[in-house]
Amino acid sequence: MAEYEPIIGMEVHVELQTRSKMFCSCEVAFGGEPNTRCCPVCLGLPGSLPVINERAVEYMARAALALNCTIPPQCIFHRKNYYYPDLPKNYQISQYDFPLGVNGWVEILAGGKPKRIAIRRVHMEEDTGKLLHVAGNRSYVDYNRSGVPLMEIVTQNPPPEGLDQIESAEEAREYLQRLRQILLYLGVSDVKMEEGSMRCEPNVSVRLKGHSEFGVKTEIKNLNSFRSVYLGIDYEIKRQIRILEQNGEVVQETRRWDDERGVTVPMRSKEFEQEYRYFPDPDLVPLKFTEEWIEKLRSELPELPMAKLKRFMSDYGLAQADAEVLIDSPELAEFYDTCAASYKDPKTVANWLTTELLRLLNASGKKLNETRLTPAHVCGLLELVDAGTINRNTAKAVFEEMFNTGKSAAEIVRQKGLEQVSDEAAIESVVNRVLEANPNEVKRYRAGEVKLLSWFVGQVMRETKGKANPATVNKLLREKLES
Ligand code: ZN
Ligand code: MN
């Protein structure tokens, strides 16, 4: 059987989290009453004039730099002309031959191995309105989204020397996740795929291994989650290989992912490149950037997620899986970083945060910055465990209490009298009591039912309200049961 290799191109649109739209002062927000956040500019009424949102340009330039792009000294807005009911001006203000950023890359880990995915361009544009199709062949349009600042990020296939391209559904998903992380760290977008503030349209082609020519590609639309991106691309790769193996021909077309059926279905053929009659928007002047402005933005970039991931692994000795969990949100990463820098054992802190903290955050539906937990509280708790003041089980309860009340561990332990009992004599008397009260279990243990040990430990812990030193309890129980 011939061996095929897939090549995947990614076109990603990201809505920016600015306060106002790209070319007018209407508010940017998700949802809400339809057609309440629009004005003559974003409704495309005759005679209205666009004004460029400076903050949006700054956000996109930051993103372009974080994606390792070059920002040319000048960029130009073009009109991309086409008719569609969600586009009231009959053109979209976008960029054509002078985009904001060019020739960048995003590092991904493909099965743990680093790969630099080439980015051809990052350009600025505006979002369209939103169509709502209802039963009875009727459609409504909501222009609240019309004119929201939009950034388009396009990969480059084949990649230039030294860079890579996306070659599997896993890599496509990984690319998208890394992109999302970067934009989240920059604070330029909330990058929610489920709300459409991050949207991705991959194109997929397949060719015989070793061939340099690309196969015919199809584009996939309607992918609303990382999962559907993976499944849609994977399905499309397999569908195309099946066609080629039967000596068929892949048709160049746009296909829609049907999440319920788990298949892609044809939407429209794409035999001809649509003619958009691009021309520079006469209402907007070219944007010119000084070297100083670009360098200032570059110097203000935060440490990016991939750099943080590598540092957490090398400096704190974390496994990749744990480091990934910690860097996934910038708030959690910073929280961990502060803890790990001041506590002697960064791996133990990572453990507590990835298990207890995430469990409590999930259960309460809170974000980290909505709780009153501080890094100092976490370190204080671990130091109490190290000093033998409390045992691990008590520490879990104290952690939850800190999470809920914002009190320090020492304060909670003192107030609730949770100090661990390590005094052997005190524990021994409880052990004796438990053994005397349960002669049957003692007999069974001595007859070989050794798994009863943990039951005895449980009894002693209950008697001591969980405060007994577990190692001492185990030791004493064993001594007495086996004597
Ligand atoms: Zn407006
Ligand atoms: Mn676009």
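**A walk around helix H13 and the manganese site**

Start by selecting the buried residues of H13 (helices, H or I and at least four residues, and strands, E and at least two, are DSSP runs numbered from the N terminus): they pack against helix H12 (424-437), helix H14 (453-463) and helix H15 (470-481), where contact means heavy atoms within 4.5 Å.

Before you go on: this is a predicted model, in which local features need pLDDT of at least 70, side-chain atom pairs count only at pLDDT 80 or more, and totals for chains, interfaces and linings use all residues. Residues are numbered from 1 along each chain as its sequence is written, chains are lettered from A and ligands numbered from 1 in the order in which they are written, and side-chain values use heavy atoms, leaving out hydrogens and water.

Now pick out Glu441, Val442 and Tyr445, the buried residues of H13 (residues 439-446); buried is under 20% relative accessible area, exposed over 50%, and partly exposed in between (1.4 Å probe, protein chains only). They sit on the same side of H13 because they cover an arc of only 105 degrees around the axis, taken from the directions from the helix axis to the C-beta atoms. Swing round to the face turned away and you'll find exposed Pro439, Asn440 and Lys443. Just after H13, click Gly448: its phi is positive, about 115 degrees.

Next stop, ligand 2. Here His13 (NE2), Glu125 (OE) and Glu152 (OE) coordinate the manganese ion at 2.0 to 2.2 Å. Donors are N, O and S atoms within 2.8 Å of the metal (3.2 Å for Na, K and Ca); water is not among the atoms, so sites may look incomplete. His13 lies in strand S1 (residues 4-15) and Glu152 in strand S9 (residues 149-155), 139 residues apart. His13 is buried at 11% relative accessible area, and Glu152 is buried at 8%.
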